[in-house]
Amino acid sequence: MVVKKICGIGAGYVGGPTCSVIALKCPDIQVTVVDVNHEKIAQWNSEKLPIYEPGLDEVVEKCRGRNLFFSTDMRLAIQEADLIFISVNTPTKTFGNGQGRAADLKYVENTARIIAEVATEDKIVVEKSTVPVRAAESILHILRANHKPGVSFQILSNPEFLAEGTAIENLVNPDRVLIGGHDSPEGRAAIEQLAQVYEHWISREKIFTTNTWSSELSKLAANAFLAQRISSINSLSAVCEVTGADVSEVASAIGLDSRIGSKFLQASVGFGGSCFQKDLLNLVYICECLNLPQVAAYWQQVIDMNEYQKSRFSTKVIVSLFNTVTDKHIAILGFAFKKNTGDTRDSPAIYVAKSLLDEGAVLHIYDPKVQEALIMDNLMACSDSHVKNRIHVYQDAYSAVENTHALVLCTEWDEFIELDYEKIYSQMTKPAYIFDGRKILDHTRLQNIGFIVQTIGKRLNR
Ligand code: NAD
């Protein structure tokens with residue numbers, strides 16, 4: 001059977017771009033993206049999409065109404081589809097007085113129950129969400145226990161490896177597509193059908209097939225390895241700051257070793273985003289459940305190092321400002337967890353901002369793609385209502401830095417490199433401090449202007 005209709009459940013950062021690119025590359029396939037969030041679907045059907053991702057607007061504009069549809073009618077879309085992608089969120093849940101943390105699969109479970117209830121014909125169900133290893137088994141139990149007579153399901157694991165900020169590029173030209181399935185004639189046939197969808201634009205050599213559990217675990221492993229590299233270089237940044245070594249030089253020196261490679265060795269204020277910490281916690285929890293405490297402890301260290309890095313950076317800001325930031329005005333440039341996205345989930349900027357608010361600072365925040373409401377929601381979620389008066393959100397960097405004691409750079413947006421720092425210096429209270437949490441600025445130039453500059457992994461003596 002050739003796939004003619006696809007239903008994508010979940011219109012978020014993964015489901016929206018993934019389905020849009022499938023629609024772009026497979027004009028003969030009808031793709032319908034559904035979500036329980038009516039407002040989000042309305043935005044996908046409007047000129048202002050619910051997420052910012054370079055190149056996404058153009059893809060959606062080209063396909064929407066042709067073979068790409070956004071809808072809240074989940075039942076109809078499921079009924080009509082040959083193949084269903086589950087791309088719902090799998091956030092972290094806490095349990096046991098906050099001690100335990102694991103993936104919350106309630107949205108995946110809900111989705112499986114709806115599919116079972118609605119499907120009147122055979123379906124291929126594809127896990128695109130990141131899930132614990134062996135989640136496909138639980139999904140299959142739900143489908144088989146609730147399905148209509150005569151309907152059968154094949155379940156595949158097809159994790160998504162896109163990175164926010166480069167999602168369209170990653171989807172159009174991925175390093176690999178991973179498909180895991182059951183080793184049976186039906187399982188192999190389902191893998192083949194999904195592979196044929198991708199073969200519309202991706203060469204066969206890049207489509208890697210495995211058993212279901214390897215595929216599920218590979219996604220967690222990939223994110224764990226990426227996060228581990230960041231925590232490793234960040235751990236060395238702390239050594240650099242007390243020894244006089246420069247972490248950028250160390251990263252370049254070790255990255256030249258072809259066994260190590262140069263990517264993902266950029267020291268910073270710490271990693272963020274909705275995935276790294278969540279997937280590490282997921283891996284740690286699985287290892288604990290499997291009675292592998294040493295393995296769990298190993299991966300837990302990657303998270304602990306990230307927390308330490310964020311705390312180290314925030315403390316550096318406070319200590320440098322004469323050990324008190326009470327009533328001091330501090331500009332935070334960048335609130336998204338990385339450049340080229342408006343996503344703030346687990347952004348290090350939230351940690352830094354909260355630490356400064358806790359110490360009594362007045363914050364002036366600017367991010368090119370994060371709206372005021374989202375910044376306020378993030379900061380008010382764990383703060384008391386009094387701090388609201390100490391948070392000010394600006395529409396540009398120059399307004400944000402006016403009359404501030406310090407500029408704290410939390411996101412590596414290109415526009416921050418291009419700012420007129422002479423002008424900024426003239427606008428700030430003296431002595432004027434810059435804390436570069438992303439190591440993107442020209443520190444010597446800033447020092448020559450008159451700033452006191454601090455960064456990660458390098459002592460800047462003057
Ligand atoms: P998201 O929160 O942006 O989107 C998830 C969407 O699913 C939401 O719009 C939500 O309303 C919808 N949803 C929840 N339950 C639903 C239901 N029963 N029916 C229909 N819609 C439902 O999340 P995301 O960032 O797109 O991530 C989705 C999954 O992909 C997660 O498991 C994540 O770990 C994984 N992933 C994310 C990224 C990333 O960069 N964001 C990359 C790779 C993998």
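This briefing describes one sheet and two helices that lie against it. The model is predicted, and the part treated here centres on an open sheet of 6 strands with parallel pairing, in the order β13-β12-β11-β14-β15-β16. Because β13 (391–393) and β16 (452–455) stand at the edges with a single partner strand each, one side of each is left without a neighbour in the sheet. On average, and with direction ignored, neighbouring strands of this sheet are turned by 20° against each other.

**Pairing within the sheet**
- Strand β14, made of residues 406–409, pairs with strand β15, residues 433–436, in the parallel sense over 4 bridges.
- Ala406 stands opposite Tyr433, which belongs to β15.

**Helix α12**
- Helix α12 (residues 293–320) packs on the sheet, where it touches β14, β15 and β16, and its direction makes about 170° with that of β15.

**Helix α13**
- Helix α13 (residues 348–358) lies across β11 (329–333), β12 (362–366), β13 and β14, and runs at about 175° to β11.
- Of the 11 residues of α13, 9 are buried, so this helix is largely enclosed by the rest of the structure.
- The buried residues of α13 are Pro348, Ala349, Ile350, Val352, Ala353, Lys354, Ser355, Leu356 and Leu357, and they pack against the helices α12 and α14 (372–380) as well as the strands β11, β12, β13 and β14.
- Just after α13, Gly360 takes a positive phi of about 95°.

Note on methods. Residues are numbered from 1 along each chain as its sequence is written. This is a predicted model: local features need pLDDT of at least 70, side-chain atom pairs count only at pLDDT 80 or more; totals for chains, interfaces and linings use all residues. Side-chain values use heavy atoms; hydrogens and water are left out. Two strands pair if DSSP finds at least two bridges between them. Helices (H or I, at least four residues) and strands (E, at least two) are DSSP runs, numbered from the N terminus. Axes are lines fitted to C-alpha atoms, for helices over the stretch in contact, and angles run from 0 to 180 degrees between N-to-C directions. Contact means heavy atoms within 4.5 Å. Buried means under 20% relative accessible area, exposed over 50%, partly exposed in between (1.4 Å probe, protein chains only).
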